[in-house]
Every structure is written in C-alpha cells, then in structure tokens.
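Me: Please take a close look at a single part of this model, beginning with one residue and its surroundings. I should then like to see how that part fits into the chain as a whole.

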Amino acid sequence: MHKVHDVSGHAELLAIRRAQEKLQTNDLSGFTIYASGEPCPMCLTAIYFAGIEKIYFCQSVADAVEVGLGKSMFIYNELKKKREERTLQMTQMKLLEGQENPMLHWKQI
C-alpha cells in the first residue's frame, strides 16, 4: 500500500478482488479470510459486502496503535459518531425534480 501510493491496496482487499475475479462472483459467502492484523474499517466493509463469514487475525487494532498505525482506531471512532459530528464533512445533495434516482438506475443494470 505505502510503496505504490494506493491506500486501498490492503492485503484483504487484494485477496477479495483476486478471489472474486477467479471465481467470477461477487458473493464469497462461506469463505474465511486470514489477516496479520485486525481488518481496518475499509477492509471490514469489503468483507461484509463480499459476504465472507469468518475472519482470523493476529494483531488487534490496539496493537496497531502501539506501533504508530492508529488510522483504523480513528476511523472506527469516527464511525460511531453522528454524521454531522465527524471530522469529514459530508453533505447530502437532494435530487432535483425530474432527476433520475441513481439507486434505481444502479438496480436496473
């Protein structure tokens, strides 16, 4: 990740991408993932989306904080807050009258 300037290049995400491509499916229900560290929020979310049912890991998020890798703990804490209390500004843009609902479009394709 840090060597190729790709914040999404975590081992869990790479493993999920490779498995889905090899199996030609988005559904990895019944699969297990093994990781050196407790999955960060991004990886954990991808694991949920993929349907993976078990995770085995060695080092916890707290262990990562001890060696200076505290971003996961920060994000986990941010996600506990209400949207308007987070440090990342998020603004919902309502659809204007006559605009196509992108969720309905996505559902159709």
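**Ser60 and its surroundings**

Reply: Ser60 has a relative accessibility of 23% and therefore counts as partly exposed, since buried would require a value under 20%. The model is a predicted one. Ser60 belongs to the loop that joins strand 2 to helix 3 (61–66). A useful reference point is Pro41: 19 residues separate Ser60 and Pro41 in sequence, and their C-alpha atoms are 13 Å apart in space.

Pro41 leads on to helix 2, which spans residues 41–50. The buried residues of this helix are Pro41, Cys43, Ala46, Ile47 and Ala50. In an α-helix, residues three or four places apart point the same way, because each turn takes 3.6 residues. The partners of the buried residues in helix 2 come from several elements: helix 1, strand 1, strand 2 and helix 4 (71–80). Helix 2 is followed by Gly51, which has a positive phi near 85°.

Ser72 offers a second view of this region from helix 4, the element in which Ser72 is placed. With a relative accessible area of 17%, Ser72 is buried, because the value falls under the 20% limit. When neighbours within four places in sequence are left aside, the contacts of Ser72 are with Cys40, Pro41 and Val61. Pro41 is thus both one of the buried residues of helix 2 and a contact of Ser72.

Strand 2, on the N-terminal side of the Ser60 loop, covers residues 54–59 and contains Tyr56. A pair of aromatic rings is described by the distance of the centres and the angle of the planes. The protein has 1 aromatic pair. It consists of Tyr34 and Tyr56, whose ring centres are 5.2 Å apart and whose planes meet at 15°, so the pair counts as stacked. Tyr34 lies in strand 1 and Tyr56 in strand 2, and the pair therefore links distant parts of the chain, 22 residues apart. As to accessibility, Tyr34 is exposed at a relative accessible area of 63%, whereas Tyr56 is partly exposed at 44%.

Before strand 1 (32–37) comes a loop that follows helix 1 (11–23), and Gln24 is located in this loop. Most residues other than glycine have a negative phi. Gln24, by contrast, is a residue other than glycine with a positive phi, near 55°. Its relative accessibility is 66%, so Gln24 counts as exposed.

The wider setting may now be described. The protein contains 5 helices and 2 strands, which follow one another from the N terminus in the order α-β-α-β-α-α-α. The radius of gyration is 17 Å, well over the 13 Å given by the globule rule for 109 residues, so the protein is more spread out than a compact globule. Along the principal axes, the C-alpha atoms fill a box of roughly 50 × 40 × 30 Å. Of the 109 residues, 18% count as buried. Among contacts with a separation of 6 or more, 31% involve residues 24 or more positions apart.

As for the surface, the accessible area of the protein comes to about 9,300 Å², and carbon and sulfur atoms account for 58% of this area. The charged side chains number 13 positive and 13 negative, and 1 Å separates the centres of the two sets.

Key:
Residues numbered from 1 in each chain as written. Predicted model: local features only at pLDDT ≥ 70, side-chain atom pairs only at ≥ 80, totals over all residues. Heavy atoms only, no water. Helix = DSSP H or I, 4+ residues; strand = E, 2+ residues; numbered from the N terminus. Rg over C-alpha atoms; globule rule 2.2 N^0.38 Å. Buried < 20%, exposed > 50% of the residue type's maximum accessible area, 1.4 Å probe, protein only. Contact = heavy atoms within 4.5 Å. Areas by Shrake-Rupley, 256 points an atom, 1.4 Å probe, with all protein chains shown as cover. Lys, Arg positive; Asp, Glu negative; His and termini not counted. Charge placed at Lys NZ, Arg CZ, Asp CG, Glu CD. Phe/Tyr/Trp six-rings, centres within 6.5 Å; stacked < 30°, edge-to-face > 60°.
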